[in-house]
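Me: I have one model on the bench screen and want a close look at a single part. Please take the sheet, strand by strand, and whatever sits around it.

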Amino acid sequence: MKKLINSVFFIALCSCMAMVSCISDGDDSDTGSIELVAGDKLPVFSVTMNDGRVVTHESLRGKVSFIVFFNTGCKDCRRELPVIQQIYEHHPHMPLIAISRAEDAASVAGYWQEQHFTFPYAAQEDRTVYHLFAKSGIPRIYVVDAELTIRSVFTDNPLAGYDELEAAINDASSR
């Protein structure tokens, strides 16, 4: 009986830890990363998209762009990614850069196929690019204006809906 109680407790503890992994991943160490907010400039970065294109911060100059960090194992990300697909379909010419946080290309590709997503992604097996933007918490969405200034930041508290994201894109476009 004691073994059963310990097993149930262990499973419950693991479940609780998994549920908060999207919000706070427990990595509170100071790795030199920052939390970017509206008004900050886009950091210097470079990612290779699943279609082979290389996207850099500088390649986004002159265009309103949309950057999202995710992990397909995160429940909040799984709820937000279909909204991102809608944004992509409504703004086919706007650069939309989806960057995985610590997830390999095979995992992301499998999930994209399963969900019928068509927007491009950059699979990052570590947190190097992510840490240029933030220390913890996904999903994390940045709407950036043509001068590479972050105009809006959305996190999981609360998750952004289509209308909020659309308004942020329109706001960034009007600047």
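Reply: What follows is a walk through the sheet, then its surroundings.

This is a predicted model, in which local features need pLDDT of at least 70, side-chain atom pairs count only at pLDDT 80 or more, and totals for chains, interfaces and linings use all residues. Residues are numbered from 1 along each chain as its sequence is written, and side-chain values use heavy atoms, with hydrogens and water left out.

The sheet is open and has five strands, in the order β5-β4-β3-β6-β7. Its pairing is mixed. Strands here are DSSP runs of E with at least two residues, helices are runs of H or I with at least four, and both are numbered from the N terminus. Two strands pair if DSSP finds at least two bridges between them. The edges are β5 (121-122) and β7 (150-154), each of which pairs on one side only.

Now β6, residues 140-144. With β3, this strand runs antiparallel, joined by five bridges. Within that pairing, I67 stands opposite Y142. With β7, the sense is again antiparallel, over four bridges. There V143 has S152 as its bridge partner, and V144 stands opposite I150.

How many residues of β6 are buried? Five of its five are, so the strand is mostly covered by the rule that buried means under 20% relative accessible area, exposed over 50%, and partly exposed in between (1.4 Å probe, protein chains only). In a regular strand, side chains alternate between the two faces of the sheet. In β6, R140, Y142 and V144 are buried on one side. I141 and V143 are buried on the other.

The ends of β6 have their own details. Before the strand, P139 sits in the loop between α4 (130-133) and β6. The peptide bond from I138 to P139 is cis, with omega near 0°. After the strand comes the hairpin to β7, with five residues between the strands. L148 lies in that loop. Its phi is near 70°, a positive value in a residue other than glycine. L148 is buried, at 4% relative accessible area.

Past β7, P158 is found in the loop between β7 and α5 (162-173). A cis peptide bond joins N157 and P158, with omega about -5°.

Next, the helix across the sheet. α2 (residues 75-90) lies across β3 (65-70), β4 (96-100) and β6. The helix runs at about 160° to β3. For such angles, axes are lines fitted to C-alpha atoms, for helices over the stretch in contact (heavy atoms within 4.5 Å), and the angles run from 0 to 180 degrees between N-to-C directions. C77 is buried, with a relative accessible area of 1%.

From β4, the chain enters the loop to α3 (105-115), where A102 is placed. Phi of A102 is near 55°, again positive in a residue other than glycine. A102 is partly exposed, with a relative accessible area of 35%.

Last, the aromatic residues. F70, Y88, Y111, W112, F117, F119 and Y121 form one cluster. Rings of Phe, Tyr and Trp (its six-membered ring) pair if their centres lie within 6.5 Å; planes under 30 degrees apart count as stacked, over 60 as edge-to-face and the rest as tilted. The centres of F117 and F119 are 5.4 Å apart and their planes at 40°, so this pair is tilted. F117 is buried at 10% relative accessible area, and F119 is buried at 1%.
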